[in-house]
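Ready to practise reading pockets in a protein? Grab a pencil and have a look at what's below.

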Amino acid sequence: LLRAEQFARLGHWQFSIVEKNLISSDEMNRIYGYDPKVHRMTLDEGVSACHTEDLERVQNSFDLAIETGQAFEYEHRIVRTDGKVRTIHAKAECEFGNDGSVVSMFGIIQDITERKQAEYELERIFDLSPDMIGSGNLEGYFTKINSSFERTLGYGNDEFCTKSFLEYVHEEDIEKTTKALTDAANGTATDRFVVTNRYRKKNGSYIWIEWHVQAYVKENSFYAVGWDITEGKQAADDLRKLSRAVEQSSNAVFITDTDGTIEYINSKFTALTGYKREEVIGQNPRILKSGDTPENVYVEFWDTIKNNGEWKGEMKDRHKNGELFWVYETVSPVMNDNNKITHYVATHEDISERKAAELATQNALEQAEEANRAKSDLMANMSHELRTPLNAIIGFSRTIKEEIFGPLNNDKYQE
């Protein structure tokens with residue numbers, strides 16, 4: 001028994017109220033810092049060893065037990081003979097005389113310092129954790145929450161735990177939340193589950209929380225850890241919208257790494273170029289080069305985007321089947337939080353019809369100009385050919401009019 005007490009750091013004592021005598025076990029003396037072979041603790045020494053902040057509470061428990069015969073149990077601190085502070089768990093019962101009065105008390109004490117320290121450290125971790133951590137019952141109530149609840153939702157422990165947590169859940173999420181908890185309680189689902197729902201903050205707004213829950217059906221309890229995923233969910237929604245917008249874009253879109261290796265294409269890219277996704281992922285956009293674009297354009301292109309600029313311009317590309325087509329290309333760098341380029345995103349707008357129309361217009365203008373030149377030449381020739389006979393007619397008319405050869409019936413006019 002003595003060895004068992006030593007292993008468990010458990011001591012026992014008996015106190016005679018009539019004789020004011022304390023009998024204590026070896027382990028109890030060791031707990032208080034005494035060597036039982038040298039000295040055994042007295043009642044006064046036991047009282048004086050009680051921590052000053054706990055002394056009144058301990059004394060009141062003793063007095064109440066002597067007066068009423070009521071057993072007591074509590075935890076308090078002691079100051080050992082070496083000055084070290086230890087925490088003990090004490091439990092005592094009263095023994096009664098023939099007249100029903102309390103004549104003695106018997107009790108046990110256990111040194112729980114290490115356990116209390118571990119509990120304190122766990123409590124600190126529990127309270128300092130940035131995650132929302134809480135425990136509750138399967139009726140739908142939290143019984144304990146950490147300070148992260150208040151930081152995240154605005155509610156303190158006393159305020160939050162007095163209501164069913166379903167009162168804070170968005171009405172559209174109540175059904176799935178209730179089902180998850182009920183299924184765990186009924187054993188129709190795993191006792192460990194994840195549920196995502198919206199919780200109402202104290203200011204009336206809602207945030208998305210992802211809960212990881214461990215239910216203990218026999219103990220009618222659960223432990224839960226929650227994270228505010230509002231920003232992440234919004235970012236995922238935005239990314240999904242962006243992805244759909246890019247995928248459904250009327251322009252070809254592709255993304256490359258900083259070396260120009262293609263990592264993504266949308267469906268319009270395939271429609272425009274003829275290349276399927278599996279054919280171009282890992283390839284370089286140079287597979288589209290027609291050979292008709294001057295090299296100085298590519299030099300300007302790379303110089304612009306490598307210096308965080310956006311390049312825009314027209315290029316002639318080559319289809320998988322060899323046909324040539326025109327695109328209006330826009331290429332922009334993608335930067336990370338450190339303002340370092342990680343990717344390039346490019347859009348290709350098919351402008352082949354526009355370029356064909358422009359070419360047709362240019363050809364028409366050239367033809368019109370050629371027609372105008374031909375007309376001018378014709379008019380010049382006609383003017384020359386007509387001017388010569390007209391000059392003769394005009395001269396002869398003047399001769400007749402002025403009767404240079406005499407009256408009009410003169411034979412000279414016939415000549």
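Here are two exercises on pockets, worked out on a predicted model.

**Exercise 1.** Work out what surrounds the largest pocket.

*Solution.*
Step 1: Start with the space itself, which comes to about 420 Å³ for the largest pocket.

Step 2: Now find the walls. There are 25 lining residues, and Leu43, Gly46, Val47, Val58 and Phe62 are the ones nearest the centre of this pocket.

Step 3: Next, ask which elements these walls come from. At least two lining residues each come from β1 (10-16), α2 (26-32), α3 (43-48), α4 (55-68), β3 (72-79) and β4 (85-96). The top contributor is α4, with 6 residues.

Step 4: Finally, sort the lining by class: you get 20 nonpolar, 3 polar and 2 charged residues.

**Exercise 2.** Do the job again for the second largest pocket.

*Solution.*
Step 1: The volume here is about 340 Å³.

Step 2: On to the walls: 19 residues line this second largest pocket, with Asn284, Pro285, Arg286, Phe301 and Trp302 closest to its centre.

Step 3: Look for elements that supply two or more lining residues. You should find β11 (252-257), α12 (295-306), β13 (311-318), β14 (324-335) and β15 (341-350). Of the lining, α12 provides the largest share, 4 residues.

Step 4: Sort by class once more, and the lining of the second largest pocket splits into 11 nonpolar, 4 polar and 4 charged residues.

Terms used
Residues numbered from 1 in each chain as written. Predicted model: local features only at pLDDT ≥ 70, side-chain atom pairs only at ≥ 80, totals over all residues. Heavy atoms only, no water. 1 Å grid on protein atoms, 1.4 Å probe; cavity = no way out; pocket = protein on both sides within 12 Å on 5 of 7 lines; lining within 4 Å. Points joined across faces, edges and corners; volume = space filled by probe spheres on them. Nonpolar A, V, L, I, M, F, W, Y, C, P; charged D, E, K, R; others polar.
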